[in-house]
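Reader: Please take one part of this model and go through it closely. I would like the surroundings of a single ligand, in plain terms.

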Amino acid sequence: MVNVLVCIKRVPDTSESVLLTDDAMAVDGRHVGYTVSPHELCAVELAVQAAADGGTAGVVSVGSGDAVEQLRDALAVGVQHAVLVEADDAAFGPADVAAALAEVVEAGTPDGTPYDLVLLGNDAADTGDFQVGIRLAYALGRPVVSGVSTIAVSDGVVQTTGAGPAGTEVFEVPLPAVVTVMEGGVAPRYPSVMGRVKAKKAEIDTRTPSVTPRGNGRVRLKLPPEQPSQVVVLGEGAAAAPALVDLFETMGVLTK
Amino acid sequence: MAVETDETGIALTSLETLTLARELAEPAGVPLHALLFATTEPPTEQMLGQLGEQGVATVYITAEPRLAAYAAAAWASAAVQVAQAVSARVVVASGTPRGGELLAHISARLDVAMAANVTAIEGLAPFTVTRQVMGGSVLEEMRLADSPAVFTVAGHACEATPAAAVSTPVVTPYRPTVEDADLVARVVRTEAGEQDHSAALSAARVVVAAGRGANGPDGFKSLLELTDLLGGALGVSRVVTSLGWRPHHEQVGQTGVRVAPDLYVACGISGAIQHWAGMSSSKTIVAVNTDPDAPMVTRAHYAVIGDLHEIVPAVNDEIRRRGH
Ligand SMILES: Cc1cc2nc3c(=O)[nH]c(=O)nc-3n(C[C@H](O)[C@H](O)[C@H](O)COP(=O)(O)OP(=O)(O)OC[C@H]3O[C@@H](n4cnc5c(N)ncnc54)[C@H](O)[C@@H]3O)c2cc1C
Ligand SMILES: Nc1ncnc2c1ncn2[C@@H]1O[C@H](COP(=O)(O)O)[C@@H](O)[C@H]1O
């Protein structure tokens, strides 16, 4: 039986083109939806599975009040309680987020028992800092395993598997511990109708962090130069096959 | 600079990172030190040659058997000890999973900021970098005010070029102090498995990729045939793995594998920025798509408009007809 806390971040879901705000300090989110990274969706799934035998699974996000939407999505798939740490995204850097998360971990579950396991994504989909989980582990003085795809908890030990340069790497780490997750080991479940109803009514525990932010060093955002379309259309349908095979021949990719 | 090795010697991404690090060190008149975690075997002549071509002055090798199994905290502790011994002003690694993990540990231990996936150095005072965010679809100019400046270099963001003057690196074994607490999270065993395929995918010269347009798990027969005829590897979009049509290790993109083949044939893939993030370094991109306005089509070098289930079999037939 374990208490798990999973950390998620609300990020813009831009699939086609990205627009920046006028001051170039943020992605313009007015015309896009919001989501969380697939890594974090897998972390939520792993948390729910790990807590299924009578443990608890909580979720936390540091950011604007809008992140309640993402917290409710996690509640809808089986997470039991949610914490929103209200903070100004723009002023916070990865060390600040880790410090704010550490306060939540140290406070423990709603009934005051400690969190045994903290799950995060390996990297956030927007800032991609690749470090919040590791900084959190140092702030808490706990061991950390990064980039894992599966976890199994038994007898106070978390066993993880993840891809390494020479094969699947297995770690066995005593709890309490921090683990960062990469997509691929589990399929995140879809919310049931009941789950959605429950999530909608759930209370969100909103807190203010006592972190003096150091910031994130952002000077400005810029878009990579857009290449003008130079596509050569070889043709339509099956009739274009010879033209495509000509291209393969010219490129020398047909070996025989 | 923490260096990674693979079957080619020094990994290509590490050579790229060394080039960027040298371009920083040379004008400043400071030496470039490389750190190799080579506990079982010393670096080969070939590796030393590659490091010399990059102008490396000293190669530190961690001669400590307790670092044989990968333990990020202990490796980072060793790297910090070397960095402090040489008073490093900049600590870098490539933006691989290992490189990013190691540097995140180092920056947490030193309590300094870290920038992930840097593509260029903008200025030294203040130390300012450009880095990839949002999977590479947006660039961020970021200030690194702390010392040492810690950052990873995005893969294939800059080219590995040899130094004007080749050096003869001095090999220095280094025995760091290792704390038991830093060995708690370490690899207890490695199993042969799935990632072997993703390594093959990321190194493939030709990638045939398919998305929702494949229409289902049975829609891959002709695509796999084409992959075979081109001697390439199959890649897929996230829609394909989410729907369980193909395994996750075949996924290309921001949360999947990054590829940089000579030829990328994208069939029935719309070209969402998160997919583009994983294959934009491909030399030649061919799109096969029913929609002439799909981003993959407009950003490709070549396109064939139409149903992949008609086009791909016709291409396979044509390749065989020509006797390839
Ligand atoms: C944080 C984050 C991370 C992500 N990471 C990844 C990632 O790593 N990799 C990834 O791929 N995605 C990723 N995604 C998802 C991404 O945004 C897109 O949803 C996904 O890439 C779309 O897949 P698709 O192109 O196969 O499907 P669609 O967008 O549905 O496109 C299907 C395309 O196929 C064409 N088509 C349909 N039928 C046919 C046919 N018979 N013949 C030819 N063409 C046809 C259509 O015209 C269309 O262009 C991520 C998303 C987020 C938010
Ligand atoms: N503002 C946040 N709130 C909650 N969790 C976060 C936040 N930012 C980052 N994380 C977690 O830390 C992981 C790594 O983020 P990063 O280091 O920013 O790439 C993410 O995948 C999240 O799980």
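Author: What follows is a look at the site of ligand 2, and then at one pair of helices. The model is predicted, and the description should be read with that in mind.

The shell around ligand 2 holds 18 residues. A:Cys7, A:Glu40, A:Val62, A:Gly121 and A:Ala124 are the closest of them. Sorted by character, the shell has nine nonpolar residues, five polar ones and four charged ones.

Several polar contacts involve the protein backbone. A:Gly121, already listed among the closest residues, has a polar backbone atom 2.8 Å from an oxygen atom of ligand 2. For A:Phe130, a polar backbone atom and an oxygen atom of ligand 2 are 2.9 Å apart. At A:Gln131, a backbone N or O atom is 2.8 Å from an oxygen atom of the ligand. As for cover, ligand 2 on its own exposes 480 Å², and the protein buries 99% of that area.

Two elements of chain A, β4 (56-63) and β6 (117-121), each give two or more residues to this shell. The largest share is that of β4(A), with three residues.

Now the helices. In chain A, the axes of α3 (residues 94-107) and α4 (residues 132-140) come within 8 Å of one another and cross at roughly 50°. Because of that angle, α3(A) counts as oblique to α4(A). The crossing of these two helices, α3(A) and α4(A), is right-handed.

Key. Residues are numbered from 1 along each chain as its sequence is written. Chains are lettered from A and ligands numbered from 1 in the order in which they are written. This is a predicted model: local features need pLDDT of at least 70, side-chain atom pairs count only at pLDDT 80 or more; totals for chains, interfaces and linings use all residues. Side-chain values use heavy atoms; hydrogens and water are left out. A residue is near a molecule or strand if one of its heavy atoms lies within 4 Å of it. A polar contact is a pair of N or O atoms within 3.5 Å; within protein, one must be able to donate a hydrogen and the other to accept it, and residues adjacent in sequence count only if both atoms are side-chain atoms. Accessible areas come from the Shrake-Rupley method with a 1.4 Å probe; for residues, only the protein chains shown count as cover. Helices (H or I, at least four residues) and strands (E, at least two) are DSSP runs, numbered from the N terminus. Ala, Val, Leu, Ile, Met, Phe, Trp, Tyr, Cys and Pro count as nonpolar, Asp, Glu, Lys and Arg as charged, and the others, Gly among them, as polar. Axes are lines fitted to C-alpha atoms, for helices over the stretch in contact, and angles run from 0 to 180 degrees between N-to-C directions. Angles under 35 degrees count as roughly parallel, over 145 as roughly antiparallel, 65 to 115 as roughly perpendicular and the rest as oblique. A crossing is left-handed if the near helix is turned anticlockwise from the far one by less than a right angle, and right-handed if clockwise.
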